[in-house]
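New to this one? Take a look at the model first, and then we can walk through it together.

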Amino acid sequence: QVQLVESGGGLVQAGVSLRLSCAASGRTFSSYGMGWFRQAPGKEREFVAAINWRGDSTYYADSVKGRFTISRDNAKNTVYLQMNLLKPEDTAVYHCAAAPRYATYAVAYDYWGQGTQVTVSS
């Protein structure tokens, strides 16, 4: 069993940066691919970014590519989402998730955090 807890969300102005963290509990964190997803009000869950277990392969949604960076520190059992040049369209609840293998789609992920709210004002 893997538990994931997101943190770092908040209310920020457009154009600034924010870093989300996802702390994992469990002894097998290093074996999991990790992803970030988001869900805005009235919208379906959307893929944001993914990283493999070694941290040497990443993939991003077109909407965030060039602005967001996913990374992980397996020694700290933590995955990060660095969000730069934030836009109001980025407003959503952000969830981290863990998958047995590297993936970019939600059904591949077995464990999910409760989410952290990111609100970007114009």
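Here are some questions and answers about this predicted model.

Q: How many helices and strands are there in the chain?
A: Let's start with the overall layout. Reading along the sequence, you meet the pattern β-β-β-β-β-β-β-β-β-β-β. That fits the totals for the chain, which are zero helices and eleven strands.

Q: Why does the chain count as compact as a globular protein of its length?
A: For 122 residues, the globule rule gives 14 Å. The radius of gyration of the chain is close to that value, so the chain is as compact as a globular protein of that length. The C-alpha trace spans about 40 × 25 × 25 Å along its principal axes. As for the radius of gyration itself, it comes to 13 Å.

Q: What share of the contacts with a separation of 6 or more is between residues 24 or more positions apart?
A: Contact here means heavy atoms within 4.5 Å. Take the contacts in the chain with a separation of 6 or more, and pick out those between residues 24 or more positions apart. Their share is 57%.

Q: Is histidine 95 buried or exposed?
A: You'll find histidine 95 in strand S9, which covers residues 92–99. Its relative accessible area is 15%, and the cut-off for buried is under 20%. So histidine 95 is buried.

Q: Which residue's backbone oxygen does the side chain of histidine 95 reach?
A: Leaving aside neighbours within four places in sequence, histidine 95 is in contact with several residues, including Glu6, Trp36, Phe37 and Trp112. Gly113 is also one of its contacts. At 3.0 Å, the side chain of histidine 95 reaches the backbone oxygen of glycine 113.

Q: Where is arginine 67 found, and is it buried or exposed?
A: Look at the loop between strand S6 (58–60) and strand S7 (68–73), since that is where arginine 67 is found. Its relative accessibility is 11%, and anything under 20% goes down as buried. So this loop residue, arginine 67, counts as buried.

Q: With which side chain does the side chain of arginine 67 make a polar contact?
A: The side chain of arginine 67 reaches the backbone oxygen of serine 63 at 2.9 Å, but here we want a side-chain partner. Beyond its neighbours within four places in sequence, arginine 67 is in contact with residues including Gln82, Met83, Lys87 and Asp90. The polar contact, at 2.8 Å, is with the side chain of aspartate 90.

How values were computed: Residues are numbered from 1 along each chain as its sequence is written. This is a predicted model: local features need pLDDT of at least 70, side-chain atom pairs count only at pLDDT 80 or more; totals for chains, interfaces and linings use all residues. Side-chain values use heavy atoms; hydrogens and water are left out. Helices (H or I, at least four residues) and strands (E, at least two) are DSSP runs, numbered from the N terminus. Buried means under 20% relative accessible area, exposed over 50%, partly exposed in between (1.4 Å probe, protein chains only). A polar contact is a pair of N or O atoms within 3.5 Å; within protein, one must be able to donate a hydrogen and the other to accept it, and residues adjacent in sequence count only if both atoms are side-chain atoms. The radius of gyration is taken over C-alpha atoms; the globule rule is 2.2 Å times the number of residues to the power 0.38.
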